[in-house]
Amino acid sequence: MKKFLALILSCAMVLALAACGGGNNSSNGSSGGPIKVGVINNDPNESGYRTANDRAMREMFTEANGYSATFYNNNDAAQQIATAQQMIQDEVDFLLLSPASTTGWDTVLQDAQKAGTQVILFDRMLEADDSMYVAAVVSDMPAEGVTAVNWLADQGLSEYNIIHIQGHMGSDAQLGRTGALDEKVAAEASWNYVTQQTADWDEATAKTITQSVINSGKSFNVIYAENDGMARGAVAALDEAGITHGVDGDVIVMGFDCNSWALEELAAGRWNYDGQCNPFQAETIHGIIQDLQKGTSPSQKVIYTPEQGFDAKTITADDVTKYGI
């Protein structure tokens, strides 16, 4: 009888250990299975930057690289949040998030933490305690704005009358690129907004905003557009009105993102400034995930992608090739 009981106990222990081992290996790739990731990004048609960013993520998080990935693209924060909740319920190992808005994500982050889903931000930050996410791989948007505004101040205009065309309100890019300019306009009597409106990253809307200012007869000498597409829309309105722009023109044109075609406009002297926004974050995120799988946490909570601003008077053909997206 004792031998029989010992045999039963031994079998029970083996079954318990097998159950524990099977649970640990089912979803995190530790037994060679794919790592489950949910990727929430904005609409790739939003801009050249977003197209490049989305493409890089899709090319990285593939079965060949050891991932089982679900992708979702939407510029609506409420839709993003609903999808994130579903991904958490689907037990993704990692939620990779580029939020359409910096706020409203507290419940998602709390639910992810409870479920053991690790959150990595990319492209855009959130207004949340940094304990709620593993890492953020982003552009330093406030620095982009400061670099651009400092460049504009260095142009030495006696008066700055600015058409400010903003991106999606509340996004990290909009807040950073707007913030530095708002501070300068508030601090300097010679800096003025002729208009400050959002085109929500849309080229046609930016053209309409600029046309409206032209039709009003108000004087302006700077276009500060928060992405290249909106700058192009504004320039189209200037061209139709016969207003010169760029190097030696009547209006300074500024954009952001460094699309290849935008840098070509810069090199041709038709624009004056373009601020880089580096979309290639996927490889860094991949490295973070691989380290986490080995038990190594990121050395930094926030990892900034390297960026710079380009001036029409100094940009080179090599710059266009190397930095254009």
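This briefing covers the sheet, its packing helices, and the empty spaces in the structure above. The model is predicted. Its six-stranded sheet is open, with parallel pairing. The largest pocket has a volume of about 200 Å³, and the largest cavity has a volume of about 80 Å³.

**Sheet**

- The strand order in the open sheet is E2-E1-E3-E4-E5-E11.
- Strands E2 (67–73) and E11 (302–304) are the edge strands; each has a single partner strand, so one side of each lacks a neighbour in the sheet.
- From one strand to the next, the twist averages 15°.
- Strand E1 (residues 35–41) runs parallel to E2, and seven bridges join the two.
- Within this pairing, valine 39 is placed opposite phenylalanine 71 of E2.
- In a regular strand, side chains alternate between the two faces of the sheet.

**Helices against the sheet**

- Helix H3 (residues 77–89) packs on the sheet and touches E1, E2 and strand E3 (94–97).
- The direction of H3 makes about 175° with that of E1.
- A right-handed β-α-β unit is made by E1, helix H2 (residues 48–60) and E2.

**Largest pocket**

- The volume of the largest pocket is about 200 Å³, and 15 residues line this pocket.
- Among the lining residues, Gln155, Gly246, Ile252, Asn272 and Lys313 are the closest to the pocket centre.
- By class, the pocket lining consists of six nonpolar, five polar and four charged residues.

**Cavity**

- Rolling a probe the size of a water molecule over the atoms shows where empty space is left.
- The count of cavities of 30 Å³ or more comes to one.
- The largest cavity has a volume of about 80 Å³, and its lining holds 13 residues.
- Glu46, Tyr49, Arg50, Ala173 and Asp257 are the lining residues closest to the centre of the largest cavity.
- Helix H2 and helix H6 (172–187) each contribute at least two residues to the lining of the largest cavity.
- H2 therefore has two roles in this account: H2 belongs to the β-α-β unit with E1 and E2, and H2 also supplies part of the cavity lining.
- The lining of the largest cavity divides into five nonpolar, two polar and six charged residues.

How values were computed
Residues are numbered from 1 along each chain as its sequence is written. This is a predicted model: local features need pLDDT of at least 70, side-chain atom pairs count only at pLDDT 80 or more; totals for chains, interfaces and linings use all residues. Side-chain values use heavy atoms; hydrogens and water are left out. On a 1 Å grid over the protein atoms alone, a cavity is a set of points where a 1.4 Å probe fits but cannot get out, and a pocket is an open set with protein on both sides within 12 Å along at least five of seven lines; lining residues have an atom within 4 Å of a point. Grid points are joined across faces, edges and corners, and a volume is the space filled by probe spheres set on the points. Ala, Val, Leu, Ile, Met, Phe, Trp, Tyr, Cys and Pro count as nonpolar, Asp, Glu, Lys and Arg as charged, and the others, Gly among them, as polar. Two strands pair if DSSP finds at least two bridges between them. Helices (H or I, at least four residues) and strands (E, at least two) are DSSP runs, numbered from the N terminus. Axes are lines fitted to C-alpha atoms, for helices over the stretch in contact, and angles run from 0 to 180 degrees between N-to-C directions. Contact means heavy atoms within 4.5 Å. A crossover is right-handed if, with the strands pointing away from the viewer, the path from the first strand over the helix to the second runs clockwise.
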